[in-house]
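Me: I would like a close look at one part of this model, the surroundings of its bound ligand, followed outward into the rest of the chain. Please take it step by step.

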Amino acid sequence: MKMNKSLNFGMIALVGLTFACGGGETKTETVAEEVVAAPVKEMSLEEKYQNDPVYIKGLEKVKASDCLSCHMVARKIVGPSYAEVAAKYESTEENINMLAQKVINGGVGTWGEVPMPAHLSLSEEDAKDMVRYVLLLKK
Ligand code: HEC
């Protein structure tokens, strides 16, 4: 009788210990997975450039116009995605001028049969700030 009782106590203590260990291990594993997973997750272009002054200024002007009804950053809708446009052109003064003129006067044929309408009320400065923002969005 006496022996049995002390054996039971021993087993309870052992079970308690196993639980504590198991809990601790699980926690460590979770932390390790998070550390490994973080760099793998791809940052969106919006996240990547959100603090760039060219991004902030250009986005404000693009939002104030009708651009977003035909262009998205990462996906083609009516017009090419801004990421595609950024991949095609170096951000040089020459390209910025050429694309700003196209935004102002409209155009067709570079990306397909659908034309971009003219934006004749845009100033050259605003169109250039928009284009600088578009060409910033490189992966
Ligand atoms: C009604 C739809 C529409 C709107 C609104 C629109 N776009 Fe476009 N955009 C297009 C299409 C379609 C093309 C592709 C034209 C082509 O193939 O030459 C394009 C092309 C472009 C290009 C690439 C031009 C090239 O030659 O590679 C830029 C830059 C651009 N748009 C910026 C803008 C900006 C900035 C605005 C807002 C002021 C805007 N777009 C508004 C439809 C639109």
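Reply: A good place to begin is His-71, which is buried, with a relative accessible area of 12%, a value that falls under the 20% limit for that class. The model is a predicted one, and every value given here is computed from it. His-71 sits in the loop that runs between H3 and helix H4 (82–88), and its side chain reaches the backbone oxygen of Pro-80 at 2.8 Å. His-71 is also one of the residues that come nearest to the ligand: of the 26 residues around the ligand, the nearest are Cys-67, Cys-70, His-71, Lys-102 and Met-116.

Two of these nearest residues are cysteines, and they differ in their exposure class. Cys-67 is buried, at a relative accessible area of 10%, whereas Cys-70, at 26% relative accessibility, counts as partly exposed. A disulfide is a covalent bond between the sulfur atoms of two cysteines. The structure holds 0 disulfides, so Cys-67 and Cys-70 are not joined to each other in that way, given that a disulfide requires a pair of cysteine sulfur atoms within 2.5 Å.

The ligand itself occupies the space that is the largest pocket. Several contacts with oxygen atoms of the ligand can be named. A polar side-chain atom of Tyr-89 lies 2.5 Å from an oxygen atom of the ligand, and for Lys-102, too, a polar side-chain atom lies 2.5 Å from a ligand oxygen. Gly-109 takes part through its backbone instead, with an N or O atom 3.2 Å from an oxygen atom of the ligand. When the shell around the ligand is considered by element, its largest share, 3 residues, comes from helix H5 (residues 93–105).

Beyond H5 the chain enters the loop between H5 and H6, where Gly-107 is found. Gly-107 is partly exposed, with a relative accessible area of 22%, and its C-alpha atom is separated by 7.5 Å from that of Ala-118, a residue 11 positions away along the chain.

Turning from the ligand to the charged side chains, the structure holds 5 salt bridges. Lys-57, Lys-61, Glu-93, Asp-126, Asp-129 and Arg-132 are linked in a network of such bridges, and three of the pairs described here involve Asp-129, which can be taken in turn. In one of them, the side chains of Lys-57 and Asp-129 meet with an N to O distance of 3.6 Å. Because Lys-57 lies in helix H3 (residues 53–64) and Asp-129 in helix H6 (residues 124–136), this pair ties together parts that are 72 residues apart in sequence. The two partners fall into separate exposure classes, since Lys-57, at 42% relative accessibility, counts as partly exposed, while Asp-129, at 8%, counts as buried.

Asp-129 also forms a salt bridge with Lys-61, and here the closest N and O atoms are 2.7 Å apart. This pair likewise links distant parts of the chain, with Lys-61 in helix H3 and Asp-129 in helix H6, 68 residues apart. A further bridge joins Asp-129 to Arg-132, whose closest N and O atoms are 3.1 Å apart. That bridge stays within one element: because Arg-132 and Asp-129 are 3 residues apart in helix H6, they are separated by about one helical turn. Arg-132 counts as partly exposed, at 27% relative accessibility, in contrast to the buried Asp-129.

Past helix H6 the chain continues into a last segment, and Lys-138 is found there. Lys-138 is partly exposed, with a relative accessible area of 25%. Its C-alpha atom is separated by 6.0 Å from the C-alpha atom of Ala-87, although the two residues are 51 positions apart along the chain; Ala-87 falls within the span of helix H4 (82–88).

To set these parts in their wider frame, the secondary structure of the chain comes to 6 helices and 0 strands, and from the N terminus on its elements run α-α-α-α-α-α. Buried residues make up 25% of the 139 residues in the chain, and among them are Cys-67, His-71 and Asp-129.

How values were computed:
Residues are numbered from 1 along each chain as its sequence is written. This is a predicted model: local features need pLDDT of at least 70, side-chain atom pairs count only at pLDDT 80 or more; totals for chains, interfaces and linings use all residues. Side-chain values use heavy atoms; hydrogens and water are left out. Buried means under 20% relative accessible area, exposed over 50%, partly exposed in between (1.4 Å probe, protein chains only). A salt bridge is a side-chain nitrogen of Lys or Arg within 4 Å of a carboxyl oxygen of Asp or Glu. Helices (H or I, at least four residues) and strands (E, at least two) are DSSP runs, numbered from the N terminus. A residue is near a molecule or strand if one of its heavy atoms lies within 4 Å of it. A polar contact is a pair of N or O atoms within 3.5 Å; within protein, one must be able to donate a hydrogen and the other to accept it, and residues adjacent in sequence count only if both atoms are side-chain atoms. On a 1 Å grid over the protein atoms alone, a cavity is a set of points where a 1.4 Å probe fits but cannot get out, and a pocket is an open set with protein on both sides within 12 Å along at least five of seven lines; lining residues have an atom within 4 Å of a point. A molecule sits in a cavity or pocket if more than half of its atoms lie within 2 Å of its grid points.
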